[in-house]
Amino acid sequence: MAPQPPQKKSKKTKRIREDSEQLERIQSLSWNPSLPDNDDPFSLFTGSNELEGGFLSLEEIDEIEYGLEIPKPERKSKREKSKETTKLQKRKRSQDHDESDGEAEAGSDEKFDEENKKVKAKKKREKKKKNKNKKSEENEEPAAAVTGASYCKDDIDGDSVDETEYYAWNELRLHPLLLKSIYRLKFKEPTPIQKACIPAAAHQGKDVIGAAETGSGKTLAFGLPILQRLLEEREKADNLVAEKEEAVEKISPKGLLRALIITPTRELALQVTDHVKEVAKDTNIRVVPIVGGMSTEKQERLLKARPEIVVGTPGRLWELMSGGEVHLVELHSLSFFVLDEADRMIESGHFHELQSIIDMLPMTSSSHEGQPQNTQDCTTVVSFQRKKRQTFVFSATLALSSDFRKKLKKGSMKSKQIVIGELNSIETLSERAGMRANAAIVDLTNASIMADKLEESFIECREEDKDAYLYYILSVHGQGRTIVFCTSIAALRHTSSLLRILGVNVWTLHAQMQQRARLKAIDRFRGNEHGILVATDVAARGLDIPGVRTVVHYQLPHSAEVYVHRSGRTARACTDGCSITLISPNDTSKFAALCKSFSKESFRRFPVEISYMSEVAKRLSLARQVDKIMRKDSQDKAKQSWFDRNAESIELEVEDNDSEEERVNNCKQKKVSSSHLKKLQQELNMLLSRPLQPKTFSHRFLAGAGVSPLLQNQFEELARQKLGDIMNSGEGKMGKLLVIGQDRVEPLQALRNANHECEHLRL
Ligand SMILES: Nc1ncnc2c1ncn2[C@@H]1O[C@H](COP(=O)(O)OP(=O)(O)OP(=O)(O)O)[C@@H](O)[C@H]1O
């Protein structure tokens, strides 16, 4: 049964109309369009895409971590206030004249002259104010944090900033406070998706459907326009501050939800929150995450502070909305509705919640003006309509039909009667969310949709040899962070257990883990420069961990889309990276289909030094035996404790029916198995203490990859000692041990080194 939306309070239609008009005026800034006019259809992917999880039980997330800093209100001296009031009264007179002209002011000569006068007057006022400020500095708090007009670009957190390095941001005309954050984050230039989306979204007030490769900066492509508009509104409101409370409220309503960003997974919601918060650091605009697993009471407390931006997953958002959470149901001031990773949203199990949230949104003027919309049991009142809510729909693998594109271009969205029922495509989802005609479609996906600097490769092997090749990659080329993707949790458990027995330290991430454990795993992985994460596809989307150098597809994903997202965990934000797919004979046809969907004719074979493999096989064989014994042992223990527990719960006395002989045999077997385990472990440890050297290894020269940094240090120490002994004993040069060190080469480098001889798999 569909969840029940709460009833909303009604407001005066007149006030809403005034609000809308004010907002329209704010948005009428001129802009030089530079959007690509691309009519090519997106590549359409097929596949079942049975992703694991994404919506898990979270025990608790510390409020402190996502707490709100509630801004201190600005204090002004009495003199300052009365001075401002006079100024603003003067200003209002000229503005009244301005506003009576209605919406079509941009570009008119009158407006231009008026604006010029205003700018001159403002400069004069500012000059006066400056002098005044000098006298009354002690009585005031700096207003820069709110107005942004006077921060010092030369000093970001104590570092001086060379603005010329950031000139590429100038054309985007962002608010100084946002630029300050950009300088702090050292983002030298906007990424292409940001360059294309920000003018349309921030200055033209357009809806945007954005698609670009993974890691291309899509979060800020919608995050910056939201912050820009909120800051502009604030500034305008500040200018009117003493004039009339009501007018200020219309322009920049306080304490109301302005932007609702929906993501398919909790991790992504937390990540988007952090990212937007980081950029909004100096603005006092508040951003909070609302995700499942966090205690409802805590989230209600966060929402009581009335943040302007809420980022959440559909499940928890709807739970609070349907419970009548005031901040989430007063949506008449909502100016932005964002669907991040939109294509995943239509696949995920929280579809009904998303549908219900969308149905709660007041209708936008352009899509269904004048029609009340039935939302299951609740009627969204038309008087709540706000004209300019912007809808942003983003993904790396967005599939839009050419029909839909044409419809957007022609502006025929208006006439479409939306059938109330299942939303089964990005198109109906966007349309229903109020996507307006002439939305900007920013499609920066290339034919292969993969990041430019991603080098893709494969290793062909038997299914049972995948562990050996994975161990080879991690031990011979284990440099930089690596994510190993498995499709099933069973495979993940098997692989990670073997790797641990082989002394490779790995973290795991899958849907059956508690949310707290998941966040911990991500944190630890993030904190280790050479960390290894074995994960299911729950980590495939959106996870933004800098410095992931390699992605290994231990098992092929169910769809090409998931392959794109998995591979997109590396080569992010203009860096390079490498993906390696392990292909067994069973995978060949699936892999061929995958390549076809990216129009790839060939894939590069990852170079494997075969001489390592016999040693790898030896170690692996021992590790498998160890694993088998340990697994059986823990299964027996689990079985026994299950049996004991159940017997105890029904107060059953368990009799030992085994004969004396059987008991002795059992005991003997256990002893044998335990000593066998010990022997295997010793043997394995002995192998692991040696470098994984090729057969041609010379005992006089230690060289090549496969020597861990620790082992290499030990050898160097040994060589130094030996050299000292030789010197002291006065022996000749013979017998001296040389250590020829060589850092392990990371997979990308190995692939590049082997470029000239690298084979291709022809399909
Ligand atoms: N202009 C920029 N210059 C440099 N780095 C940037 C810029 N914008 C964003 N980034 C960084 O790039 C990384 C990827 O950004 P983001 O997570 O927004 O990518 P995305 O396109 O949403 O990826 P995905 O599709 O995988 O979710 C982040 O670490 C972000 O801080």
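Tutor: Axes are lines fitted to C-alpha atoms, for helices over the stretch in contact, and angles run from 0 to 180 degrees between N-to-C directions. Contact means heavy atoms within 4.5 Å. The model is predicted: local features need pLDDT of at least 70, side-chain atom pairs count only at pLDDT 80 or more, and totals for chains, interfaces and linings use all residues. Residues are numbered from 1 along each chain as its sequence is written, and side-chain values use heavy atoms, with hydrogens and water left out.

Student: At roughly what angle do the axes of helix 10 and helix 11 cross?
Tutor: Helices (H or I, at least four residues) and strands (E, at least two) are DSSP runs, numbered from the N terminus. Thr 296, Gln 299, Glu 300 and Leu 303 in helix 10 meet Arg 316, Glu 319 and Leu 320 in helix 11. The axes of helix 10 (residues 296-304) and helix 11 (residues 314-322) come within 12 Å and cross at roughly 75°. That makes the pair roughly perpendicular, a class that spans 65 to 115 degrees; the crossing angle is roughly 75°.

Student: How many of the nine residues of helix 11 are buried?
Tutor: Buried means under 20% relative accessible area, for a 1.4 Å probe and protein chains only. Among the buried residues of helix 11 are Trp 318, Leu 320 and Met 321. Helix 11 is largely enclosed by the rest of the structure, because the buried count is seven.

Student: Which helix gives the most to the largest nonpolar core?
Tutor: A nonpolar core is a set of buried Ala, Val, Leu, Ile, Met, Phe, Trp, Tyr and Cys residues joined through side-chain atoms within 4.5 Å. The largest has 78 residues, and Ile 226, Ile 309 and Phe 337 touch the most other members. Eight of its residues come from one helix, residues 218-239: helix 7.

Student: How many residues make up the other core?
Tutor: It lies apart from the largest core. Its members include Tyr 471, Leu 499, Ile 532 and Tyr 554. The count is 44.

Student: In what order do the seven strands of the open sheet run?
Tutor: Two strands pair if DSSP finds at least two bridges between them. The pairing in this sheet is parallel. Strand 3 (287-290) and strand 9 (440-443) stand at the edges, each with a single partner strand, so one side of each is left without a neighbour in the sheet. The order is 3-4-2-5-8-1-9.

Student: Which residue in strand 5 stands opposite Ile 261?
Tutor: Strand 2 (residues 259-262) and strand 5 (residues 336-340) run parallel, joined by four bridges. Helix 9 (residues 266-279) lies across both of these, as well as strand 3 and strand 4 (309-312). Opposite Ile 261 stands Val 338.

Student: Why is strand 14 largely enclosed by the rest of the structure?
Tutor: Strand 14 (residues 548-553) has parallel partners: five bridges join it to strand 11 (residues 481-485), and four join it to strand 15 (residues 577-583). Thr 482 stands opposite Thr 550, and His 553 opposite Thr 581. Strand 14 is largely enclosed because its buried residues number six of the six.

Student: Is the β-α-β crossover from strand 14 to strand 15 left-handed or right-handed?
Tutor: The chain leaves strand 14, passes through helix 21 (residues 560-567) and enters strand 15. With the strands pointing away from the viewer, a clockwise path from the first strand over the helix to the second counts as right-handed. This crossover is right-handed.

Technical notes:
Buried < 20%, exposed > 50% of the residue type's maximum accessible area, 1.4 Å probe, protein only. Parallel < 35°, antiparallel > 145°, perpendicular 65-115°, else oblique.
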